[in-house]
Amino acid sequence: MTSLIILSPLIGFALISLFLFRWKKLCGWISVGSLLIPFVLIVQLFMQMQSNPSSFPQVISVPWISIMGLHFELGLLFDQLSILMGLLVSGVGSLIFIFSMGYMEEDKGYSRFFAYLALFASAMLGIVFSNNFVQTFIFWELVGLASYLLIGFWFSKDSAADASKKAFLVNRVGDFGFILGILFLWFLSDPTGVSRTVDFAGLAQSIPTQVQLGVISSGAILLAGLLILCGVIGKSAQLPLHVWLPDAMEGPTPVSALIHAATMVAAGVYLLARTFFIFTISEELLTIVAIIGGLSAITAATMAVCQSDIKRVLAFSTMSQLGFMVLAMGLAGPVSGMYHLLTHGFFKALLFLGSGCIIHAVHTQNLFEMGGLSKKMPITTLTFLIGTLALCGLFPTSGFFSKEEILTLAHGHSMLAFIVVLGTTFLTSFYMGRVFSLTFLGPQRKPSDIHESPFILLFPLIVLSFFSIFAGFFGIPELLGRAAHESHHGTEGNFLALISTGVILFGLISSYLIYGRKTQSQDPLSKGLGPLYTLFERKYFIDEIYNFYVSKIQQPFARLCDITNEWIAIKALSHWTGIVVYQVGNVSRKLLTGNVQTYALILAVQIVVIFTLVVILFKL
Amino acid sequence: MIPLSHYLTVAFVLFAIGLIGIFTRKNAILVLLSIELLFNAVNLSFVVFSQAHGNLEGQIVTLFSMAIAAGEVAIGLAICILLFRTQKTIDVTDFTDLKQ
Amino acid sequence: MIDLSFYFIAIPMASLALMALVPSSQLKLIKTIAWISSSACLALALFVLLKLDRTNTSFQFISQLSWIQTPEINLHLGVDGINVWLIVLTSLVSFAGLYACSSIQKDAKGFYLLYLLLTLGAYGTFLSVNLFFFFLFLEIEALVSYPLISNWGRGEKKFAAMQFTLYAILASAFVLVGLLGLYFLPAIQTMDMVQLGAHLQANPLSLALQHKLFAFFLIGFGILSAVWPFHAWGPIGYSSAPTAGSMLLAGVLKKVGAYGLIRFGLLMLPDAAALWMPWLALWIMMNLVYVGFIALAQKELRNLIGYSSSSHMGFVIIGLACFTSLGTAGAMLVMFSHGLLVALLFLIAELVERKMGTTQIDALGGLAINWPFTATCFSLAALAASSVPGFANFAGELVILFAVWNQYQWLTIGVLICVLLTAIYMFRAIRNIFFGPIKESHQNTEEPVKSLFCKVPFLLLIGFLLLIGFCPTLALKDFENGLTQLKIIEKGEELKTNSELI
């Protein structure tokens, strides 16, 4: 029954793509329904977990490949982590599906869209409830596939087709490291080869004991962890494999909300939480994780400040917030990281859906063409404001609580980490304030009749706003398994809260002062920051570096291989052997003079030679 | 008694003369003549070996060989005559139709 | 004695005879005969697949017709765990190949005759238990490709046909020497693979002899399996061959190489094989990485598919090079899925050429807008080739990855580089051919696959890819059964204790 959690959306996908293509509305409802079923099941499990916590974690599994020493199974692991994440995925997912029913109404590929969405939901739930590395990898790739299909949904646009290809290939590069890490961990789980496993529970048992016993070195764990980290970097768009995320905004906005904000990109962080038992073994590993997270957070925030496309701002914001989560993991705070993941899921989805409503209304994504929408679209404005404040982390939104945890971790770790987090917080509130001001405040720049969105689009916004505000009071860290005495409140906590609130307010006010009052056609920051602005806006030229690599290094190398192949395999082996054979024949032709006596001479010589050889070889 | 090797040497010399004749003579009839020399050399060896082994097998083969040589000469000369009729020459080096 | 396996040979032969009698003007009748023959063989193959007794590890459905007493040359055919899926592959590919034949107008009768002969050769090679007939059917495949390519091909067809056939004959020459060695050298002289195998298990040949024989088999079957440096004759042949021909040649003939390596190299000469395998694994890195990069540089669709195919055979060979039943099973799974993939890709290339007149990737674009079904099929095939889970290729490669890691640890990086490269050029192909806006010159083409009848080969091929992708155990169990008779498992474990661990 609980296997329906993964099977239900998959069945939905199969039904839509094979049979029900023609009936658009039905496809939409089937898709939504196929995600609501898992949601209900997970809620049930959640209730069970609350009333009877000792019966968890539970595992059910079915063998998939079981031959000659290799046993892979497909299983469902129910524990606090997976159930909460599952609630996020299916809950927020269902809301976004409902939103899509209104948003994609006029699109020709409506059924195709919902089929892909169902596929994505199935694969994402597969990652969440996976109980072993191989299953995670399988659904990891499938989620990447769904992302590819959805980013390239409008495939007749060159930009969308390129973006989808880029997303998949960058993810593949991360997966290269990921699968190597899985293989290595499988090997390390038992170097003698008797009882190797890819099961999370099995690895959690065997690897720490092996390290303690000295059977495997912590250097090996460092390497394995780094390889697994490759997959995380690819999926969660951290530096340096982040380049696909801004381009992924080519997909329809619900896709950006679901996949590239709330769930898929969070899968990397989720994996870090799931496999945290590996990362705690090595100090250097945690430091590297933290550095990557922190660096991504702050660079993404700087890039977000200078973008003029609303979705791109949100994309970099996602990258930055994911950086926070990864940083939290690296600072040995997996619960804090997951807490932020869950709250971020709510308010980021809210912000993206809100931007979807805006785009739907004004038909542009350029911030400098919007303005004054607060008068015409009040509900959207209010919900977007709630989302903004939650993202900035202002008390008492959910974002405040989760961000405080991370700030506290950073403060407890080092001055550098604290400055990074605080700086990113400032930048976050600055660019979000900038977005809000340019979009909703000030004079209306696009003179067209703008009206509030229909209820089907507003309903998810309202629900998500509710969660964005109140999720901080649900006691999520306790639900994630933190014991009560570890909670981080206290005078130090309050002091840090005051500092961060001050920083946030400073960011919001300064952005309002710069952007919220009069019309700008061009970003005033571009004059203020000068070359720094170009650096941020062009995303530190990293895309250019990758393009350079592909066009000037990889392709010429491939051409080189092709040319050497021409010479070796084709010319040398085939043509030239042919020519050699032909020339040998040409020379041998001279023997056939047509003169009978020559033939007789050759015959006689042959006989003599053969006779001699026979005598020598057989020693007669 | 005359040792075996003496006879074989004679036969060998005859054979060699015959071979050289085949390779070097230009007149077709002289080539045929050289082939006859080869036959003679071989017949001599057979008879000699028959004497050495003390049985008649070699001499029987010699008789066969002489009969076959006669037949072969007849055909060879017939070919020479036909060649002369069509090509107006029996110089062996003139027949090069098989040249590549 | 005659059993089901005989009909795989009898049906094509009977159809050949029938077709030869039909006058060449009756094209419809000829096509119908070809169809019936292919469908019958397909049905038979699926039936055999279902009815195979999984508890019995020896050959089943055995047919034996004696011909010559000494040396014992008799038509001995049988089905076991190793070749049953290859038979299914052959039947699927030959069935799908008929769809690609409709553009053959000139001398069509000759084409269909040769096509049937090619499928006959393929079935025979896989089913043969007798060494002589194995070689005979192999030669049939090699020789039939010459008239097929040189008469009905495209581009530099005469040159490509000559090169292709000469390479195939060269390969079979090496194989012949090996087979003769296997017949004459052991103490008993038998052409029966089963008896020979059992005898060589009990009293193996001396190591020196094994080395020499194995070298011949390795070179011969290696040429057939597109091992570097013999990887280029395939792509050149496939781009010049008629599509139905290239589907069979790429889908099936390449697999004969690996199949032969398993049957003769691994099973009968295990001691020599155990010593050669690590070097083979290293050597095949050239295939995986170098040929992968060559594929990356191709600008023409058929060349891309051909070099990709050569590169993917690297997976198969490295699976064999692990010399454990795990690796070999993974290799066989990849063989099966790769054959299906390549047939699918060539079929779509044929459609593209027919409608657009070109297969140059730069000249195409935006085809998915008007061709939804074809675009979906191509994307599915490309996804399968890039090892996306859900398809059989992924399952096979996963098994191979674990097997290779077990034996050779960090050589797995080469395998993964190939996977990455495949994704790059396959996705680039999808992007450049099917996505993006339509080029102005191509405005009015409509979906080439319209009726359900035309969709059948795609559904069949993709269906099997998905079926084995979801439940790879179906096939893996059969491979395991086929390999349990052999000393492979112990040899592989020996190798492992000798290799370095971290």
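## Cavities, interfaces and local geometry of a three-chain model

Helix H19 of chain C, residues 473-483, gives the largest share of the lining of the second largest cavity, namely three residues. The structure is a predicted model, and the second largest cavity encloses about 60 Å³ of space. Its lining is formed by Leu52(C), Asp53(C), Arg54(C), Asn56(C), Thr57(C), Ser58(C), Gln60(C), Asp80(C), Gly81(C), Asp478(C), Asn481(C) and Gly482(C); by class, one of these residues is nonpolar, seven are polar and four are charged.

A search of the whole structure finds five cavities of 30 Å³ or more. The largest cavity, with a volume of about 160 Å³, has a lining of 14 residues, and those nearest its centre are Phe137(A), Arg172(A), Ile179(A), Leu416(C) and Val419(C). Two or more lining residues come from each of helix H5 (133-151) and helix H6 of chain A, and likewise from each of helix H16 (392-408) and helix H17 of chain C.

Among the open spaces, the second largest pocket has a volume of about 920 Å³. Of the 30 residues that line this pocket, Leu169(A), Val170(A), Tyr549(A), Val550(A) and Gln554(A) lie nearest its centre. The elements that contribute two or more residues to the lining of the second largest pocket are helix H6 (158-188) and helix H25 (542-589) of chain A, together with helix H11 (270-296) and helix H17 (412-433) of chain C. The most is given by H6(A), with nine residues.

The class make-up of the three linings is set out below.

| Space | Nonpolar residues | Polar residues | Charged residues |
|---|---|---|---|
| Second largest pocket | 17 | five | eight |
| Largest cavity | nine | one | four |
| Second largest cavity | one | seven | four |

Turning to the interfaces, two pairs of chains touch, and the most contacts are between chains A and C. This contact takes 52 residues from chain A and 61 residues from chain C. The size of an interface is often given as the accessible area lost when the parts come together. For chain A and chain C the buried area is about 5100 Å², of which 75% is on carbon and sulfur atoms. Two salt bridges are found across the interface of chain A and chain C. Arg431(C) forms a salt bridge with Asp158(A), in which the closest N and O atoms are 2.8 Å apart.

Chain B is in contact with chain A through 12 residues of chain B and 11 residues of chain A. Chain B and chain A bury about 930 Å² between them, with 61% of that area on carbon and sulfur atoms, and the count of salt bridges between these chains is zero. No contact joins chain B and chain C, and their closest C-alpha atoms lie 25 Å apart.

Over all chains the count comes to 21 salt bridges. In chain A, Arg274(A) forms a salt bridge with Asp79(A), the closest N and O atoms being 3.0 Å apart. Arg274(A) belongs to helix H11 (residues 266-274) of chain A, whereas Asp79(A) is in the loop between strand E2 (70-78) and helix H3 (80-103) of chain A, so the pair ties together parts that are 195 residues apart in sequence.

Some details of the backbone deserve a separate note. Most residues other than glycine have a negative phi, and most peptide bonds are trans. Leu239(A) and Pro240(A) are joined by a cis peptide bond with omega of about -10°, and Pro240(A) is placed in the loop between helix H8 (218-235) and helix H9 (244-247) of chain A. The peptide bond from Phe395(A) to Pro396(A) is also cis, with omega near 0°, and Pro396(A) is in the loop between helix H17 (378-392) and helix H18 (398-413) of chain A. In chain C, Phe61(C) is not a glycine but has a positive phi of about 50°; Phe61(C) is found in strand E1 (residues 60-68).

As to confidence, the model scores ipTM 0.91 and pTM 0.88. Chain C has a mean pLDDT of 87, with 95% of its residues reaching 70 or more. Over residues 497-502 of chain C, however, pLDDT stays under 50, and the model has eight contacts beyond four places in sequence for this stretch. Where pLDDT is low, the predicted coordinates should not be read in detail.

Terms used: Residues are numbered from 1 along each chain as its sequence is written. Chains are lettered from A and ligands numbered from 1 in the order in which they are written. This is a predicted model: local features need pLDDT of at least 70, side-chain atom pairs count only at pLDDT 80 or more; totals for chains, interfaces and linings use all residues. Side-chain values use heavy atoms; hydrogens and water are left out. On a 1 Å grid over the protein atoms alone, a cavity is a set of points where a 1.4 Å probe fits but cannot get out, and a pocket is an open set with protein on both sides within 12 Å along at least five of seven lines; lining residues have an atom within 4 Å of a point. Grid points are joined across faces, edges and corners, and a volume is the space filled by probe spheres set on the points. Helices (H or I, at least four residues) and strands (E, at least two) are DSSP runs, numbered from the N terminus. Ala, Val, Leu, Ile, Met, Phe, Trp, Tyr, Cys and Pro count as nonpolar, Asp, Glu, Lys and Arg as charged, and the others, Gly among them, as polar. pLDDT is the predictor's confidence in each residue, from 0 to 100. Contact means heavy atoms within 4.5 Å. Buried area is the accessible area (1.4 Å probe) that two parts lose on being put together, summed over both. A salt bridge is a side-chain nitrogen of Lys or Arg within 4 Å of a carboxyl oxygen of Asp or Glu.
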